[in-house]
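The following exercises are to be worked with the sequence and the model side by side. Each task is followed by a solution that proceeds step by step.

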Amino acid sequence: MDDKELDYLADKVADRLRTPLVVDQNQISNMLGFSCIQGKISQTVRNIINRPDFPAPFYLSDGKSKRWRFIDVEAWINQRYQDEMKLRRIASIRRAS
């Protein structure tokens, strides 16, 4: 491999590692650990993104393509995890008593 090919590969790897600014429903599905079948999200994921506490989407200029800010979705997921861990700690303390 020459330097030009290595630079091309390095750019491709960097693109994959870079945190996206916005995500679509399929990417949210992956972030939540669900798979998309033929590009369609599950009803579970659809229910999650329609929850009132889930970050609100915005529409791109075509008015049809919904997107969410990656950092908002990530923060929502992290908050759910922290809430779950707190409940588990409380439950284990109560069981031990």
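The exercises below concern a predicted model and treat its sheet, its salt bridges and its surface patches in turn.

**Exercise 1. The sheet**

Determine the strand order of the sheet, identify its edge strands, and state which residue stands opposite Val22.

Solution.

Step 1. The sheet is open and has three strands in the order β1-β3-β2, with antiparallel pairing.

Step 2. Strands β1 (22-23) and β2 (58-59) are the edge strands, since each pairs on one side only.

Step 3. Strands of a sheet pair through backbone hydrogen bonds, in either a parallel or an antiparallel sense. Here β1 and β3 (residues 66-69) are joined over two bridges in the antiparallel sense.

Step 4. Across this pairing, the residue opposite Val22 is Arg69 in β3.

**Exercise 2. Salt bridges**

State how many salt bridges the model has, and examine the partners of Asp53, Asp72 and Asp83 together with their accessibility.

Solution.

Step 1. Side chains of opposite charge can pair when their charged atoms come close. The cut-off applied is a side-chain nitrogen of Lys or Arg within 4 Å of a carboxyl oxygen of Asp or Glu. Under this rule the model has four salt bridges, and three of them are taken up here, including the one between Arg51 and Asp53.

Step 2. The side chains of Arg51 and Asp53 meet at 2.9 Å, N to O. Arg51 is partly exposed because its relative accessibility is 36%, and Asp53 is likewise partly exposed at 37%.

Step 3. Asp72 forms a salt bridge with Arg69, with 2.9 Å between the closest N and O atoms. Asp72 counts as partly exposed at 28% relative accessibility, and Arg69 counts as partly exposed at 41%. Arg69 thus appears in this salt bridge and also as the residue facing Val22.

Step 4. Asp83 is bridged to Arg80, the closest N and O atoms lying 3.6 Å apart. Asp83 and Arg80 are three residues apart in helix α4, so about one helical turn separates them. Both count as partly exposed, Asp83 at 28% and Arg80 at 27%.

**Exercise 3. Surface patches**

Identify the residues of the negative patch and of the nonpolar patch, and place one member of each.

Solution.

Step 1. The patch of negative charge on the surface gathers Asp2, Asp3, Glu5, Asp7 and Asp11.

Step 2. Among these residues, Asp11 lies in helix α1 (residues 3-17). Its relative accessible area is 49%, so Asp11 is classed as partly exposed; the exposed class requires over 50%.

Step 3. Leu21, Val22, Phe58 and Leu60 make a nonpolar surface patch of about 350 Å².

Step 4. Leu21 is located in the loop between α1 and β1. Leu21 is exposed, because its relative accessible area is 74%.

**Exercise 4. Sequence separation and distance in space**

For Glu74, state which helix holds the residue, whether the residue is buried or partly exposed, and how far Pro55 lies from Glu74 in sequence and in space.

Solution.

Step 1. Glu74 belongs to helix α4 (residues 70-96).

Step 2. A relative accessible area of 35% makes Glu74 partly exposed, as buried would mean under 20%.

Step 3. Between Glu74 and Pro55 there is a separation of 19 residues in sequence, and their C-alpha atoms are 9.8 Å apart in space.

Note on methods: Residues are numbered from 1 along each chain as its sequence is written. This is a predicted model: local features need pLDDT of at least 70, side-chain atom pairs count only at pLDDT 80 or more; totals for chains, interfaces and linings use all residues. Side-chain values use heavy atoms; hydrogens and water are left out. Patches are made of residues with over 30% relative accessible area and no salt bridge: like charges are joined within 9 Å, nonpolar side chains (Val, Leu, Ile, Met, Phe, Trp, Tyr) within 5 Å. Accessible areas come from the Shrake-Rupley method with a 1.4 Å probe; for residues, only the protein chains shown count as cover. Lys and Arg count as positive and Asp and Glu as negative; His and the chain ends are not counted. The place of a charge is taken as NZ of Lys, CZ of Arg, CG of Asp or CD of Glu. Helices (H or I, at least four residues) and strands (E, at least two) are DSSP runs, numbered from the N terminus. Buried means under 20% relative accessible area, exposed over 50%, partly exposed in between (1.4 Å probe, protein chains only). Two strands pair if DSSP finds at least two bridges between them.
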